[in-house]
Amino acid sequence: MEHLGEVGLKRENGVRMCDGKECFENESSTTSIEDAVKVLLMGLGEDINREGIRKTPLRVAKALREGTRGYVQSVKEIVEGALFPEAGLDHTEFAGDAGGVGGVVIVRDLEFYSYCESCMLPFYFKCHVGYVPSAQRVLGLSKLSRVTNVFAKRLQEPQRLANEVCSALHEGIQPTGVAVVLQCKHIPFSDMESNSLGSNHKGVMGILVSSGSGVFENKDANLWADFFGLLQFRGIEKDKIHDKGSMDDQCWCPSLSSKVSSENEELNPAMLTAVASILKSLGEDPTRKELEGTPARYTKWLINFKCSSIERALNCWLGIRTNGALNTNEGLGFDEKLHSELNLPFLSQCEHHLLPFHGVVHIGYFVSKGFHPIEKTLLQSIVHFYGIKLQVQERLTKQIAETISPLIGGNVIVVVEASHTCMISRGIEKFGSNTATIATLGCFCTDLGARTSFLESIPNDKYISLR
């Protein structure tokens, strides 16, 4: 990617290198990102001095710098010190594709996050990478993961990511061939213009891509059969892999087809400029063809979290239900039948890092005398309304419970299960982790049996995850 970097910086395998004090820990660059994030927050109508988001600009800047540190790492330095001699791997006319007694070497199930260049949101991928040794030398296995991570920590799209990993390994190892298969999954997008995710919820977007060099350059080569044979239990089907150059962005990043509220069609120019400034501070060129629409797409994504039309509709529905409830005989006991709605999907944005989190909400309640059960559509709308804000999961759980409570007479339990990209695309990178929170009101606070009955009804096979 010749467009990257600043004047005078060397490049190796497409990776920008610098002399230490510049680039990754560059304080002025971090400050520029902080300033841009403040503009974005103010564009959303947020008070940047509010306790919950006062340090958000710094946290976002650190997360973005960390998530794009691959721009300043050297593949050459990773590989050079990790090539080891191994006798019997010479290629002769009597040897097989791999030469001597050696065969294809595959490291499977390497898990990473990268940032989608179309929308600047993280995406998860599982990498399976292999090579056929030559010249009597092998690469330390951990280096296959480290090289992949160099290119993962950049703004990417799946096919280019696979191609860059393949090319860098082939150049660094000089093997008979390299093969790379990526299973990529994008966070789900919803139709934010709807009052609920329900039927409009698209779920996780996935794609399979591959890249090969040397003996793997031909997709019909025998060694690919070996490669896929060793991946047969990973749910990978060769026929479902996109060919090089054939991938349509529309089938990968949902931001290209997502909607925003009609009230927010006019994008804030200051927000667009702020996103372009962030791209530049990370070492990217905002005018690069693939990034030309990124500021607008990311701004549209953020604007969705200040949708006011849903708030008006929800307040109207809640007002009707609450007024009806006030005219009933409240406090005369409740129906012992446990009502529940499980697996209501939601999508939200962490106010600490401006990264998405998503999952499902489970709601259980008893209906007090004089009240009525709540329609599923209204429960989903309540969940959706509190989701489309800058949020934290603990607050989201509490707000849903407190909103439902007066509608049914006070006895409600809410459980939220979510996957946080801020947990896995930065910092500790705990892949597969998810967070559960619970809020109880009324009898659920003291009745262990009622709580247990509801919790045992929650299915363990419906959780929305990127893995």
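Residue D109 is partly exposed, because its relative accessible area of 28% falls between the 20% limit for buried residues and the 50% limit for exposed ones. This value, like every other one discussed here, comes from a predicted model. D109 belongs to strand β4, and its backbone has an uncommon feature: the phi angle is positive, at about 60°, although D109 is not a glycine. Most residues other than glycine have a negative phi. Q174 also has a positive phi without being a glycine, in this case of about 55°. Q174 is located in the loop that runs between α5 and β8. With a relative accessibility of 45%, Q174 is likewise classed as partly exposed.

The wider setting of these residues may now be described. The protein contains 13 helices and 14 strands. Of its 467 residues, 52% are counted as buried. Contacts between residues far apart in the chain are well represented: among contacts with a separation of 6 or more, 76% join residues that are 24 or more positions apart.

A particular case of such a long-range approach is offered by G172, a residue of helix α5. In sequence, G172 and K76 are 96 residues apart, yet in space their C-alpha atoms are 6.5 Å apart. When residues up to four places away in sequence are set aside, G172 touches V79 and L83. G172 is partly exposed, since its relative accessible area is 23%.

The interior of the protein can be considered next. In soluble globular proteins, nonpolar side chains tend to be buried together. Here the largest nonpolar core has 97 residues, and I363 and I400 are those with the most contacts inside it. Helix α5, which spans residues 158-173, contributes the most to this core, with seven residues. The surroundings of I363 can be listed in part: beyond its neighbours within four places in sequence, I363 is in contact with residues including L344, L379, V383, I400, I404, V412 and F454. The contacts of I363 also include H339, S340 and E341. Apart from this core lies another one, of 15 residues, among them V104, L208, F227 and I241.

F227, named in that second core, leads to helix α6. Which residues of α6, a helix of residues 222-229, are buried? They are L223, W224, F227 and F228. Viewed down the axis of α6, these buried residues fall within an arc of 135°, and therefore they line one face of the helix. The spacing follows a general rule: an α-helix has 3.6 residues a turn, so residues three or four places apart point the same way. On the other side of α6, N222 and A225 are exposed. The buried residues of α6 pack against four strands, namely β4 (105-116), β5 (122-132), β8 (177-186) and β9 (205-214).

Between two of these strands, β4 and β5, runs the loop that holds S118. Is S118 buried or exposed? S118 counts as buried, because its relative accessibility is 7%, under the limit of 20%. Leaving out residues up to four places away in sequence, S118 touches C253, S255, T294 and R297. One of these partners, T294, is placed in helix α8, residues 294-303. T294 is buried as well, because its relative accessibility is 0%. Besides S118, the contacts of T294 outside its neighbours within four places in sequence are E117, M120 and L279.

The final topic is the empty space inside the protein. Rolling a probe the size of a water molecule over the atoms shows where empty space is left. The count comes to three cavities of 30 Å³ or more, and the largest cavity has a volume of about 110 Å³. Its lining consists of 13 residues, of which V60, L64, Y298, H353 and L354 lie nearest the centre of the cavity. Two elements, α1 (27-43) and α2 (56-67), each give two or more residues to this lining. The largest share, three residues, comes from α2. In character, the lining of the largest cavity divides into 12 nonpolar residues, one polar residue and no charged residues.

Methods
Residues numbered from 1 in each chain as written. Predicted model: local features only at pLDDT ≥ 70, side-chain atom pairs only at ≥ 80, totals over all residues. Heavy atoms only, no water. Buried < 20%, exposed > 50% of the residue type's maximum accessible area, 1.4 Å probe, protein only. Arc of directions from axis to C-beta. Contact = heavy atoms within 4.5 Å. Core = buried A, V, L, I, M, F, W, Y, C linked by side-chain atoms within 4.5 Å. 1 Å grid on protein atoms, 1.4 Å probe; cavity = no way out; pocket = protein on both sides within 12 Å on 5 of 7 lines; lining within 4 Å. Points joined across faces, edges and corners; volume = space filled by probe spheres on them. Nonpolar A, V, L, I, M, F, W, Y, C, P; charged D, E, K, R; others polar.
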